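I opened this model to look up how its strands are arranged and how its helices pack. My entries follow in the order in which I made them.

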Amino acid sequence: MNADAGLVSGSILVVDDDAALRRLIELSLADDGMTVEPASNGAQALAIATRRTPAAVVLDYGLPDADAAALIDAIRAVCGRAVAVVLI
């Protein structure tokens with residue numbers, strides 16, 4: 001496990017409709033010892049965030065089913081706090 005992996009506590013929600021890219025990000029983060037929750041669309045991402053608040057979100061800016069800004073607002077609303085988001 002990477003010594004820096006302890007900097008992030010909790011799961012990382014990875015949202016991308018491109019399965020290969022989503023899997024690559026998932027494997028990279030998991031390799032650093034992080035727990036990853038993958039989602040292929042906005043609705044799935046919101047459902048996951050509702051069940052378990054992520055520590056951070058890696059979000060595809062160009063999801064075909066969701067506006068990125070609206071999805072960020074929705075995730076933060078169900079989580080009850082600001083969640084760090086990285087747009088890709």
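**Sheet and helix packing**

I began with a strand pair: β1 (residues 11-15) and β3 (residues 56-59) run parallel and are joined by four bridges. I note for the record that the model is predicted. Within this pair, I found A56 of β3 to be the bridge partner of I12.

I then traced the whole sheet. It is open and has four strands in the order β2-β1-β3-β4, with parallel pairing. I recorded β2 (35-39) and β4 (84-87) as the edge strands, since each pairs on one side only. From one strand to the next, the twist averages 20°.

Next I asked which strands α2 touches as it packs on the sheet. I found β1 and β2, and the direction of α2 makes about 140° with that of β2.

I turned to the helix pair. Helix α2 (residues 42-51) packs with helix α3 (residues 68-79) at an angle of about 15°, and their axes are 9 Å apart. Angles under 35 degrees count as roughly parallel, and α2 and α3 are therefore entered as roughly parallel to each other. I noted their crossing as right-handed. On the α2 side the contact is made by G42, L46, A49 and T50, and on the α3 side by L71, A74, I75, V78 and C79. I sorted the residues of this contact into seven nonpolar, two polar and no charged.

Last, I looked up Q44, which lies in helix α2. Is Q44 buried or exposed? I entered Q44 as partly exposed, because its relative accessibility is 34%. Its C-alpha atom is separated by 8.6 Å from that of V15, 29 residues apart along the chain.

Notes: Residues numbered from 1 in each chain as written. Predicted model: local features only at pLDDT ≥ 70, side-chain atom pairs only at ≥ 80, totals over all residues. Heavy atoms only, no water. Axes fitted to C-alpha atoms, helices over the stretch in contact; angles between N-to-C directions. Helix = DSSP H or I, 4+ residues; strand = E, 2+ residues; numbered from the N terminus. Parallel < 35°, antiparallel > 145°, perpendicular 65-115°, else oblique. Left-handed = near helix turned anticlockwise from the far one by under 90°. Contact = heavy atoms within 4.5 Å. Nonpolar A, V, L, I, M, F, W, Y, C, P; charged D, E, K, R; others polar. Buried < 20%, exposed > 50% of the residue type's maximum accessible area, 1.4 Å probe, protein only. Pairing = 2+ DSSP bridges.
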